[in-house]
Structures are given as C-alpha cells and as structure tokens.
Amino acid sequence: GMQQQMMMQQQQQDASASASDRRQQRVQQNDPNELLAEFLKARREERQQETAVMVEEKKNPKKEPTGKGWRAGSPMASAAKPPTPVHIGLNRPPQQFQPQIVMLGPPPEGGPPQMMGGSQADVMNKEGGGFFFYPPGHPNHVPGAGPPAGMPMAAVAEGQLRSTVHPQERIAPHWSEARFKAHGMPEIMCEARHATFGPLIQVQAKLVRCNPPQASSEIKNTAQVRGNIVYIKRGGCSFTKKARVAQAAGAIAMVVANSDRETFGMSFTDDGEALDAIQIPCVMISSDVCEKLESCRQSPDGKAPWTVTLTPLNEKQGALYQQHIQLAQMAAQHNVPPGAGLAVQLPPQQQPP
C-alpha cells in the first residue's frame, strides 16, 4: 500500500512540473512584444486601405439619388407629375349607398335553360335560387337610399340574384309562426319562411315524414300524408316540384327542412304549370329546429308525434307579430341566425280546484 502512495505522489509532481514547463514554452513561442508588433502592423494596413477608399470616393463621387425627400432613390422619383392635382383632405364626400343584399340559401340560378343543362326535367331536378333580405320594420333591416323611384327594393335585390322571376311570385319575405307540440316534449316555436308561392293561411295538423324524404318523385306514403302537413328534406329537386308532389299526395301544407341554420325564400321554378295551382302553404324551417323535431321517435302509424300550427305573421299589430319582433331582437343580440329555433317551455296549466 505504501509503495502505491509513493508512486502516485511522484506522478503528481511530474505532472505539475510538465504543466509549468509547457506554460514556459508557450510564453517563449508567443513573445508579447512580437504579438504587439503584429497587431500594430495589421492596424496600419487597415488604415492604409481606409485612406485609399476615401481618396477613391473623392476622385469619383457617387451620383446623387434623383428625387427629393422621401422619394429620393425610389423608382417613382422620375415619374411624371399627375396631370390633375391630387387633393388629400379629411372631409370625405358621402358614399353612394349600395343596397345591402344578404344572400343565404342556394346560389342564384344560371341564365336561360340551355345554359342550365338543357331540358325542362333537368331544370326541375335542380334547386332554384334563393334570396334573403329583411323587410322594413324588422330589427335587422338595413335602411338607406333605396332603388330608383317607383321600383320596389325587393325587385332590385331579387333582380341581382335570379335570372327569372315569375310575375305572380311574392318577392317580399313572409313568415309564419310554426309551433310544434308533442306529448311530454317542450313546445318548439320558430319562424318558418314562406316560399314565393303558396297561400299565406293558418293550418294545423299532424307532421308526417315524407317517403322518399326529399319528395324527388311521387310520395309513397300517401295514406299517412293525406290531410296532414308533410315534412320534406331540402335537396334532390326544385322546391316547386316538392310542392306539387306534396299537394298531389293530399298534404295540406309542406314544411321543408333546411340543411343550414337559416331560412330563405324558396323560389318558383317554371315547370310549365300555373304558379297559383299550388294551393298549400309552403314554408322552410332551420336545421337546428329540424334536429329537435327528428330527435323524437315517430309513432307506429308513421305519423310523427308532432302537431304543427302555422300562423302567418302578416298582422303587424297582432300580439304574435310583436312577440316575434322581440324574439328577433333577442336573437340579434345573441347572434342567432334568422329562423333559428328558440325552444319555449310553457308553464304547466293550473288545474281549477
């Protein structure tokens, strides 16, 4: 053990000695005076180069950038002055009012039928254009200088969105209040938007799902549909075809289930038959109302458990209309789209003692 310790001490001494030797060698190699001389030489060369550059710049001065101020050196500096003086002032001229058209629903129809893919059948199997704007008096109505004198605002909005408008179509929007009641379920109340065709009358009946769901061909469950209100999914064919098929099956009204959280005016597609031959109310409801309706199982006889009442909101002074204006204002505050369902739970009726 002792021998080992002695050896380790010896090694440590050797190591320290060699370290100091190495330091000595380094100092001899890098003589501080030599290093200083080298540094000063480099600095002298730098100064000479800087002086040469300055002399060169004096001999050949750089060209002044053309243009003055912030334009100096810019590619626009040599551009010609505008022929008419540009006046930038703070008082702006009043902007010409552009009637604001909010379009919801399907895109506008194409041009004449030949551009739309040809035959009458093709046109009837496409959905027509929809349009949407708020009438004066509605909380979301955008007031302002309207169309040229004598031309209704609606016609301008409509004309920009659809290529063809049937003279008998109702261009202004109309709503009915839709109330859906089912046993043991909260009552659902919403605004249902009327099509541009079909009467504005009050109806009440059971709601029956359509088979086929989009009514793109003759309705198969006519026994259940007859005398009731038929519930048809959007898509697959024009709204006009849905209405004709529903009426042929004996429905007293048609409720179209939209695929979006909104409602729009379902437009008429000219199928060669009279517009006023559609004699049942035709309305659209928003998809969130549809989800609530469809969440309820249908009864064995195929009729949905819902009873529907459609009441036109064309009586401006009526209590119903006032209530709907209030609902629309609430919806606007909470950023709910038009036609979205607002579930209303009615208080239980008190039994007389």
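Leaving aside its neighbours within four places in sequence, which residues is Ile280 in contact with? That was my starting point today, and I kept in mind that this is a predicted model.

**Entry 1: Ile280**

I found Ile280 in the loop between β5 and β6. Skipping the neighbours within four places, I listed its contacts as Gly198, Pro199, Ala243, Ala246, Gln247, Ala251, Ile252, Ala253 and Met254. I also looked up a C-alpha separation here: Ile280 and Leu200 sit 8.6 Å apart, although their positions lie 80 residues apart along the chain. Is Ile280 buried or exposed? It counts as buried because its relative accessibility is 6%, and the cut-off for buried is under 20%.

**Entry 2: Asn258**

Next I went to Asn258, which is also placed in the loop between β5 and β6. I noted 4% relative accessibility, so Asn258 goes down as buried. What does its side chain pair with? I found a polar contact of 2.7 Å between the side chains of Asn258 and Arg234. A polar atom of the Asn258 side chain also lies 3.4 Å from the backbone nitrogen of Asp260. Not counting residues up to four places away, I have Asn258 touching Arg234, Thr263, Phe264, Met284, Ile285, Ser286, Ser287 and Cys290. Arg234 therefore turns up twice in my notes on Asn258, since it is on the touching list and is the partner in the 2.7 Å side-chain polar contact, where N or O atoms have to be within 3.5 Å.

**Entry 3: Asp270**

I stayed with the loop between β5 (253–257) and β6 (282–285), where Asp270 is found. How accessible is Asp270? I read 48% relative accessibility, so Asp270 counts as partly exposed; exposed would take over 50%. A polar atom of the Asp270 side chain is 3.1 Å from the backbone nitrogen of Gly272. I also checked the C-alpha atoms of Asp270 and Thr240, which are 30 residues apart along the chain, and got a separation of 8.1 Å.

**Entry 4: Ser238**

Then I looked at Ser238, in the loop between β4 (229–233) and α6 (239–248). Its relative accessible area is 0%, so I put Ser238 down as buried. Which backbone nitrogen lies 3.2 Å from a polar atom of the Ser238 side chain? I found that it belongs to Lys241.

**Entry 5: cavities**

I turned to enclosed space and counted two cavities of 30 Å³ or more. The second largest holds about 40 Å³. Eleven residues line the second largest cavity, and the closest to its centre are Arg170, Ala172, His174, His194 and Ala195. What is the make-up of that lining by class? I have five nonpolar, four polar and two charged residues.

**Entry 6: whole protein**

Last, I jotted down the overall numbers. I count eight helices and eight strands in the protein. Buried residues account for 35% of its 353 residues. How much of the contact set joins residues at least 24 apart in sequence? Taking contacts between residues at least 6 apart, I get 71%. The protein exposes about 22,700 Å², with carbon and sulfur atoms supplying 55% of that area.

**Recap for the bench**

In my notes on the loop between β5 and β6, Ile280 is buried at 6%, Asn258 is buried at 4%, and Asp270 is partly exposed at 48%. Ser238 belongs to the loop between β4 and α6, and I have it as buried at 0%.

Note on methods. Residues are numbered from 1 along each chain as its sequence is written. This is a predicted model: local features need pLDDT of at least 70, side-chain atom pairs count only at pLDDT 80 or more; totals for chains, interfaces and linings use all residues. Side-chain values use heavy atoms; hydrogens and water are left out. Helices (H or I, at least four residues) and strands (E, at least two) are DSSP runs, numbered from the N terminus. Buried means under 20% relative accessible area, exposed over 50%, partly exposed in between (1.4 Å probe, protein chains only). Contact means heavy atoms within 4.5 Å. Accessible areas come from the Shrake-Rupley method with a 1.4 Å probe; for residues, only the protein chains shown count as cover. On a 1 Å grid over the protein atoms alone, a cavity is a set of points where a 1.4 Å probe fits but cannot get out, and a pocket is an open set with protein on both sides within 12 Å along at least five of seven lines; lining residues have an atom within 4 Å of a point. Grid points are joined across faces, edges and corners, and a volume is the space filled by probe spheres set on the points. Ala, Val, Leu, Ile, Met, Phe, Trp, Tyr, Cys and Pro count as nonpolar, Asp, Glu, Lys and Arg as charged, and the others, Gly among them, as polar. A polar contact is a pair of N or O atoms within 3.5 Å; within protein, one must be able to donate a hydrogen and the other to accept it, and residues adjacent in sequence count only if both atoms are side-chain atoms.
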